[in-house]
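Here is a brief report on one model. It takes up a cavity, a pocket, a helix and a sheet.

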Amino acid sequence: MTTDSDARRLAIEVISTLVNIKRTAADLILRKAAVPEPLIKRFLSERDPATGTKRSKRDAAAMILEEVAKTGQENEVVRNLIAVASEFSAFHLSQDEFVARGVQQKAATYRGILEENEAKARAAAAADLEAAQRDRQKEQREMVERQSKLLLAQFDELARSDNPQHRGYMLEDLLNRAFDLHGITVHKSFRRNDGGEQIDAAFEFDGWHYLVECRWREQLADIRQLDGLSGQVTRSGRQTMGVFLSINGWSPNVIQLLKQNPEKAIFLMEGFDLRAVLEQRIDMRRLLKGKIAALNLEAEPYRSVLTMI
């Protein structure tokens with residue numbers, strides 16, 4: 001005999017034996033177990049079509065379970081009936097107190113078994129979910145590792161290139177792919193203001209928008225190159241900042257001049273920062289958070305990745 005059939009049989013015993021009078025049974029058992037009201041009315045008044053007499057509590061109980069089974073409510077109603085019976089104590093309302101006490105004890109035992117089984121099922125489901133999450137995380141790590149190696153190889157190949165224009169264009173593509181790999185929403189190169197200005201790249205991070213300017217030239221970047229990015233940020237919405245990526249770094253006066261800017265809206269990245277991400281020495285998100293914190297809290301437009309590893 002299956003557990004389900006045991007539970008149904010016990011539910012019928014609960015309805016038919018705990019309370020002798022039907023109307024009282026409806027109040028103390030059926031309504032507490034959330035049996036639908038139309039079925040309670042049938043329990044109280046329905047007659048046997050063969051004899052014309054009112055159904056016995058046992059027959060009416062079987063009718064209730066048949067009807068809730070049709071609507072998919074059987075498990076819930078049966079469980080509620082067993083829970084109500086497990087706490088029943090008004091045995092003076094029973095026709096046979098000895099039998100009623102036996103049903104109450106059986107309900108209490110069965111309720112304990114149900115709760116234990118449900119706890120085991122929840123634990124098994126949680127374990128399955130945790131295992132699935134570990135598998136997904138492992139797959140994600142392996143994918144990031146594979147793609148990072150490919151991007152690092154591309155980075156090294158660009159470093160050997162003697163075509164600055166091609167190198168700069170491919171740097172934008174490499175950076176966009178690195179952002180995307182780390183789950184950061186990227187907007188590729190675009191023009192705005194009726195084509196009046198070119199945005200190398202942009203991304204969204206923690207509710208803010210960042211405009212990116214990329215440089216990969218032998219000569220170090222100077223403040224004049226950052227002034228263009230500063231203007232782009234100023235012409236954007238209030239939740240916009242700038243990222244200036246110069247693979248070969250910048251001239252010595254750049255950081256001090258950025259510190260003098262009251263807006264504090266641009267932070268710096270160099271080739272070593274990007275390479276550390278591609279080598280998986282640091283996550284891109286962690287790198288960005290560290291640089292943004294340095295700018296906002298310490299007014300430092302540049303923080304080396306070495307301080308974050």
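## Cavity, pocket, helix and sheet

The lining of the largest cavity has three nonpolar, five polar and two charged residues. This is a predicted model. The count comes to one cavity of 30 Å³ or more. The largest cavity has a volume of about 40 Å³. Its lining runs through Arg 215, Trp 216, Arg 217, Gln 219, Leu 220 and Ala 221, then Gln 225, and is completed by Ser 246, Asn 248 and Gly 249.

Next, the open space. The largest pocket holds about 290 Å³. It is lined by 21 residues, and those closest to its centre are Ser 230, Asn 261, Glu 263, Ala 265 and Ile 266. Two or more lining residues come from each of α8 (223-234) and α9 (253-260). Helix α8 gives the most, with six residues. By class, the pocket lining has 10 nonpolar, six polar and five charged residues.

The table sets out the two spaces.

| Space | Volume | Nonpolar lining | Polar lining | Charged lining |
|---|---|---|---|---|
| Largest cavity | about 40 Å³ | three residues | five residues | two residues |
| Largest pocket | about 290 Å³ | 10 residues | six residues | five residues |

Now helix α7. How far apart are the end C-alpha atoms of α7? They are 25 Å apart. Helix α7 covers residues 164-181, 18 residues in number, and at 1.5 Å a residue it should span 26 Å, so the two values agree. Many of its positions can be placed by burial. The buried residues of α7 include Arg 167 and Glu 172, along with Asn 176. Also buried in α7 are Met 170, Leu 171, Leu 174, Leu 175, Ala 178, Phe 179 and Leu 181. An α-helix has 3.6 residues a turn, so residues three or four places apart point the same way. Just after α7 comes Gly 183, with a positive phi of about 75 degrees.

The sheet is last. Five strands form an open sheet in the order β1-β4-β5-β6-β7, and the pairing is mixed. Strands β1 (185-187) and β7 (266-270) are the edges, each pairing on one side only. From one strand to the next, the twist averages 25 degrees. Strands of a sheet pair through backbone hydrogen bonds, either parallel or antiparallel. Which way do β1 and β4 run? They run antiparallel, and three bridges join β1 to β4 (residues 201-205). Within β4, Phe 203 is the bridge partner of Val 186.

Definitions and conventions: Residues numbered from 1 in each chain as written. Predicted model: local features only at pLDDT ≥ 70, side-chain atom pairs only at ≥ 80, totals over all residues. Heavy atoms only, no water. 1 Å grid on protein atoms, 1.4 Å probe; cavity = no way out; pocket = protein on both sides within 12 Å on 5 of 7 lines; lining within 4 Å. Points joined across faces, edges and corners; volume = space filled by probe spheres on them. Nonpolar A, V, L, I, M, F, W, Y, C, P; charged D, E, K, R; others polar. Helix = DSSP H or I, 4+ residues; strand = E, 2+ residues; numbered from the N terminus. Expected span 1.5 Å × (residues − 1). Buried < 20%, exposed > 50% of the residue type's maximum accessible area, 1.4 Å probe, protein only. Pairing = 2+ DSSP bridges. Axes fitted to C-alpha atoms, helices over the stretch in contact; angles between N-to-C directions.
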